[in-house]
Amino acid sequence: MLSLESAPACIAARRGFSLLPIANFARTGLRFVASRLASDLRDRRPSIARRAACGLAVIAAALFSSVAAASAPAPAVASISPTSGPAAGGTTVIIAGGSFNTATAVHFGATAATSFVINSNEQITAVAPAGFGTVDVTVTNPSGTSSTSPADQFTYVASPPTVTSISPTAGPTRGGTTVIITGTNLTGASSVKFGAANAASFTVNSATSITAISPSGSGTVDVTVTTAVGTSATSAADRFSFAEGTTQIALTSSQNPSSFGQSITFTAKVTAPAGTPAGTVTFSDNGSPIGTATLATGTATFSIATLKIGSHTITASYADNGSFDASTSPALAQSVGVPADSVNLRALQIDLTKVVAQNSGQAISGAIDGAISEGFSEGGSFMTPGGTGMRFNFAADPDSGVAQADAGNRGAYASDRNSGASGRSGGSSRIDNAFAAIDQQMPAKAKPATYREARDWLFWIDVRGSGTDRWSSPTSPGVGTTGSSIYGNQLNALMGLTYKAAPNFLVGAIAGYETFNYTAQDISGKLTGDGWTAGTYLGWMITPSLRYDAAVTFSRIGYNGVAGTAQGSFNGDRWMFATGLTGSYKMSNLLIEPSARLYTLWEHENAYTDTLGTLQTARDFVTGRASAGARLSYPLALTDGAVLAPYLGVYCDYYFSRDDAAALGVNGIPVNPTLVLEGWSARVTGGLNTRLAGGAVLGLGAEYGGLGGTARIWTFSARARVPFN
C-alpha cells in the first residue's frame with residue numbers, strides 16, 4: 001500500500017515542484033466534462049456514456065503525464081568512456097547514468113557535443129567536439145543539468161603535427177628558397193627543420209600552413225615541424241632536395257623575320273637543375289634594355305611593336321634573386337623589315353610623280369609657246385590646235401585669221417615681218433594667188449575695211465589631254481623593274497593674259513589646274529591627285545625670223561598613292577623653267593618652223609607615314625626635256641572654195657631626271673626606279689585644218705611621242721572655228 005509520503009504529488013512537492021498548474025489543468029478539464037455530461041443527460045442523448053468516458057480518459061492521461069514529468073529527477077552522470085580524445089574532436093563517448101530519457105543537451109565543458117543519441121534511460125552516446133584541456137561532460141533534461149564530478153571529466157589530448165606536402169620540392173644548395181608547408185596541427189610550431197638544419201625563418205599561417213625559408217644544404221632531406229605535442233613524422237611527402245642554383249634561359253620570338261610596326265612577343269624560359277626560378281627578366285636590344293617581365297612558373301614574356309627596321313640582337317637576362325644564379329640567354333638575331341606594300345608605295349611615288357611632272361611640263365611650256373606665237377601675230381586665230389590640245393583666243397576676231405579678199409592687194413595674205421603685220425607668208429606667191437582666186441569666186445559683197453585695230457592684250461585658254469600607254473619591261477638589263485606596267489592619263493587646263501609691250505617684246509601671266517590618274521598594275525598601285533599652277537613668261541623677236549621666249553611657273557600638287565594595303569598622301573612643290581628659240585622660214589610654198597626648246601622641273605615632296613606605319617622620307621627630284629625639230633605646213637586650194645592646210649612635225653626629244661640617293665629607298669631598303677620617261681626618243685605631230693568657203697574652220701590633230709623609248713605618250717586634239725559678226 002502506498003503511503004501519502006510516497007505519492008507522486010508529495011514527492012514533487014518535497015522536491016520543490018509546484019503542482020498548481022497541474023491542479024488548474026485538472027479542474028478545468030473536469031468542469032468541461034461535467035458540463036457536457038449534464039447537458040447530455042438533460043437532452044437524454046444516447047452517447048452520454050461514450051462521451052463521458054472519453055473526457056475522463058483525456059483528463060486522466062494529461063494529469064498522469066504532467067505529474068510524471070514533474071516528478072522526473074535531474075539526470076546524473078555516473079561514468080564516461082573513453083575519458084580522453086584528440087583536441088580536434090570527433091571522439092565517440094559513452095555516457096552512463098540515469099534520467100536520460102528526457103535529455104535535451106549534452107555538453108563537453110561549455111561546448112555542445114557534435115551530436116548525441118539516447119540509447120536508454122541510463123545511457124547516451126555522444127561525439128566530442130574540438131577542444132582542449134580537461135572538461136566535464138554534462139547532460140541536461142527538463143528537470144535540470146547533471147552535477148559535475150571526477151567521473152564525468154574528459155581530457156583533450158593534443159596531436160603531433162603532420163606534414164602532407166611541400167612546394168617547391170627542391171632549391172639551390174645555398175638556400176633561400178621559399179617553401180610552403182601544408183599539414184595539420186601546425187599551430188604553435190616551435191621549429192621547422194630541413195633535415196638537421198633549422199629553417200632560415202618560418203611563419204605559421206594557420207593550423208594547416210607554414211611558410212619557411214630553406215637553409216643551405218645538400219642532398220635530399222625531410223622537412224619536419226615541431227610543436228609542444230611533438231614532431232611530425234617523416235614521409236615521402238616532406239622530402240626536399242638541395243641542388244645547384246645555376247640557371248639557363250631559352251629565348252624565342254613569335255615572328256622572325258617581322259615587318260616594321262608588327263607586334264613581336266619574346267618569350268624567356270628560365271630553368272634550373274632543381275626548383276623553379278622566380279623574379280624578373282630584362283630584355284635588351286643590342287645591349288640596351290627595352291623592357292622587363294616577371295617570371296610566372298619560370299616563364300616571362302615581353303611584346304614590342306616599335307623595333308626599327310634592320311637587324312636587332314635581342315637578349316634576356318635573369319637577375320640573381322638570392323636563390324638562383326643570374327644568367328643571360330644566347331643572343332637572338334631579330335630581323336625587322338619594311339612591309340612589301342610600303343616598298344611598293346615608295347616605288348609608285350618615285351616612278352609616277354616624274355611622269356606627272358613631265359606631262360605637266362609639256363602642257364605648260366606648249367601653252368606658253370602658243371600664247372607667245374599668237375601675241376606676235378596681232379591677235380592670232382580664235383581657235384588654234386597645239387601639238388597636244390586646243391587653244392581658245394578670245395582676243396581674236398573669228399574673221400581675222402585669214403585676211404579678207406582684196407583684189408588690189410594680194411599681199412593681205414602675206415606677212416610683212418619688218419612691220420609686224422600679220423599674214424600667211426613673207427610675200428606674194430602661188431599660195432597667195434590661190435587664196436585670192438578663192439576669194440574672187442565668192443559672191444560679191446560690200447568691201448570690208450582692211451584696217452584692223454592693233455590689240456595689245458590677249459586672253460587665252462588652253463586645254464590639253466595627255467596619256468601614257470602600258471609600258472612593257474625594258475630590254476636593257478639593270479634599267480627599272482622588269483615586268484612593270486604603267487599607264488594613265490592627265491588633263492591640264494591653262495589660261496593666261498599676254499601684254500604686247502612693244503612690237504618685238506611681250507610679257508604674260510599664266511594660271512592653271514591639272515588632274516591625273518595613273519596605274520602601276522604589277523604592284524596594284526594607283527596615283528591620283530590634282531593641283532594648281534601660276535607663273536609668268538616673256539617673248540622677244542630677236543629678228544623678224546627668230547624668236548626667243550622664257551617662262552617660270554610654280555605648282556602645288558596633292559598626291560594620293562595606294563599600293564596594295566599601303567596608302568599615303570603627300571604634297572609636291574614644283575618649279576618649272578622653260579626657254580626656247582623658234583624660227584620661221586619659207587621654201588617655195590612650204591612653211592618651215594624649226595625650233596629648239598628646253599624645260600626643267602624641280603620638285604620637293606614632303607615626308608609622310610603610310611597606313612602601315614612606315615615613314616616615307618622627304619624627296620627631291622629634277623626632271624625635264626630638251627627637244628629640237630621642225631614643223632612643216634602646206635596650204636592647198638580646192639575647187640569648191642575650201643582650203644586645206646595639212647601639217648606635219650618631227651622632233652627629237654631627250655628626257656632626263658635625277659633623284660636624291662636617299663629617296664631611292666625605304667629605311668635603308670633600296671627601291672629601283674622604273675625609268676618611264678628617260679633618254680632619247682622621237683615625237684611625231686600631224687593634223688589637218690579645213691577652211692570652208694563660209695569661213696568655218698575644222699581641224700583634227702594628233703601626237704605620238706616616246707618612239708624608241710620605253711614609254712609611249714599620246715595626244716589627240718580637235719578644232720573648230722565658226723566666224724561671227
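Is Y156 buried or exposed? In this predicted model, Y156 turns out to be buried, with a relative accessible area of 8%. That puts Y156 below the 20% cut-off, so the buried label applies.

Y156 also has a ring partner. Across the model, the count of aromatic pairs comes to 13. Take F154 and Y156: their ring centres sit 5.3 Å apart and their planes meet at 80°, so this pair goes down as edge-to-face. The angle does the sorting here, because planes over 60 degrees apart count as edge-to-face. F154 is buried as well, with a relative accessible area of 0%.

Aromatic residues turn up in a cluster, too. F516, Y559, F570 and Y608 come together as one aromatic cluster. Elsewhere, a ring has a charged residue for company: R631 lies over the face of Y647, and the distance to the ring centre is 4.1 Å.

Another arginine, R683, is found in strand β46, which covers residues 679-691. Despite its charged side chain, R683 is buried, with a relative accessible area of 8%. Where does the side chain of R683 make a polar contact? It pairs with the side chain of D653, at 2.8 Å. D653 also appears among the residues that R683 touches beyond four places away in sequence. With that sequence limit, the list runs R625, S627, G649, V650, Y651, D653, E703, Y704 and G705.

Definitions and conventions: Residues numbered from 1 in each chain as written. Predicted model: local features only at pLDDT ≥ 70, side-chain atom pairs only at ≥ 80, totals over all residues. Heavy atoms only, no water. Phe/Tyr/Trp six-rings, centres within 6.5 Å; stacked < 30°, edge-to-face > 60°. Buried < 20%, exposed > 50% of the residue type's maximum accessible area, 1.4 Å probe, protein only. Lys NZ or Arg CZ within 6 Å of the ring centre and 35° of its normal. Helix = DSSP H or I, 4+ residues; strand = E, 2+ residues; numbered from the N terminus. Polar contact = N/O pair within 3.5 Å; in protein donor to acceptor, adjacent residues only side chain to side chain. Contact = heavy atoms within 4.5 Å.
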